[in-house]
Amino acid sequence: MRTLTTTQDLAAFCDAAASAPYVTLDTEFLRERTYYAKLCLVQMALPGDEGEAVLIDPLSEGLSLEPLFELFRNRDVVKVFHAARQDLEIFFTEGKVFPEPLFDTQVAAMVCGFGEQVGYETLVRKIAKANLDKTSRFTDWSRRPLTDAQKTYALADVTHLRMIYEHLAAELERTGRAKWLHEELGVLTDPETYIVRPSEAWQRIKTRTQSGRFLAVVRELARFREAYAQSRNIPRNRVFKDDALLELASSKPTGVADLSRARLLLREARRGEIAEGIVAAVTAAMEVPPEEYPQVDRSNQKMQVNPALADLLRVLLKAKSEQAGVAQKLIATAADLDAIAGGRRDVPALRGWRKEVFGNDALRLCAGEIALAARGNDVIVVTMAE
């Protein structure tokens, strides 16, 4: 169990990896006490049962991850992850780089019919015919030295991944679905997926009130909280929680003294920079003219959804997903089906490979060009006679 602790050793390993067709990777990190994830460990393995697997310690003094980022830029080597989203967010934050080309075995498994958001442990059991020891999963990965149990657990996340990748890649090639995976991974390698703008943070706040003035206060409070959390690298809930934000939007404090009456605000937020930021945010919101109030997306509220058609689309989706061997939620969500039944045509289920598998027939069903019928245990598509 070799651990790389110097830039020189990392560069040497990455030089060797540059001649491999693929490498498998995983990370261990902490996020409970920070806004941005703290990278604590990177695991890598070269192809083959005898391919070397190593641990990279990013907490080692003086170690630079630039050799790894250079490997990420090498398009001759496929970088294989399982459930890569959080890993990619870390690398984008650390080095403004994405590993390309990318292969995510969780997404590939859904395309290959293993179900929705299939876990790594399940794939290890079904494909690699092995079992994982998960006892070290929730340990503190920032503490040094790492135990042998932690190292063994960490390496297992990339050694079994080699067989899983080769199996899924072969299945995608056999079924001609490699382009499906490529479409799905486009979102994961889009910087917009990971950029959080304070000005847009209010859109994640769940509120039943749609008053323009109220939403203006919510927007300014959420903007302040997000910017403060980012600048201090602390979780946004450590500034104040959503329920406290909504309480403040209702009470609209005009001075720091008013914060003493807030029931849900943390004690630390009733004084100092946070308290001053809250008051400044509320003051700014109260000065926003009505024409600049934030607007809630009401397009779904205006939709006239035909419930019978939505139910038929659900039956069609089930039939098509079973026929294609693809998880239903990967093809279309319940919201997609309602949107299609309501007349919208800008949903993901009507684009790319989803349109081939489901969307074309969904549109034909909406237009009355096809019907659904039962044949034994199967649902079949019947073309309507003109």
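**Figure 1. The surface of the whole protein chain in this predicted model.** Let's start on the outside: the protein chain exposes about 20000 Å², and carbon and sulfur atoms supply 48% of that area. Charged side chains come in two sets, with 52 positive and 55 negative. The centres of these two sets lie 6 Å apart.

**Figure 2. The overall build of the protein chain, with 15 helices and eight strands.** Taken along the principal axes, the C-alpha atoms fill a box of roughly 75 × 65 × 35 Å. The protein chain has 386 residues, and 46% of them count as buried. Among contacts with a separation of 6 or more, 63% are between residues 24 or more positions apart.

**Figure 3. A close-up of T105 in helix α4.** This helix covers residues 105-111. T105 has a relative accessible area of 0%, so this residue counts as buried, the cut-off being under 20%.

**Figure 4. The surroundings of T105, leaving aside its neighbours within four places in sequence.** Here you can look for the residues in contact with T105: V80, F81 and H82, then L123, and finally L161, I164, Y165 and L168. A169 makes a handy landmark for the backbone: its C-alpha atom and that of T105 are separated by 8.9 Å, although the two residues are 64 residues apart along the chain.

**Figure 5. The side chains of T105 and H82, joined by a polar contact.** Zoom in on this pair to find the polar contact of 2.8 Å. H82 is also one of the residues listed as in contact with T105.

How values were computed:
Residues are numbered from 1 along each chain as its sequence is written. This is a predicted model: local features need pLDDT of at least 70, side-chain atom pairs count only at pLDDT 80 or more; totals for chains, interfaces and linings use all residues. Side-chain values use heavy atoms; hydrogens and water are left out. Helices (H or I, at least four residues) and strands (E, at least two) are DSSP runs, numbered from the N terminus. Buried means under 20% relative accessible area, exposed over 50%, partly exposed in between (1.4 Å probe, protein chains only). Contact means heavy atoms within 4.5 Å. A polar contact is a pair of N or O atoms within 3.5 Å; within protein, one must be able to donate a hydrogen and the other to accept it, and residues adjacent in sequence count only if both atoms are side-chain atoms. Accessible areas come from the Shrake-Rupley method with a 1.4 Å probe; for residues, only the protein chains shown count as cover. Lys and Arg count as positive and Asp and Glu as negative; His and the chain ends are not counted. The place of a charge is taken as NZ of Lys, CZ of Arg, CG of Asp or CD of Glu.
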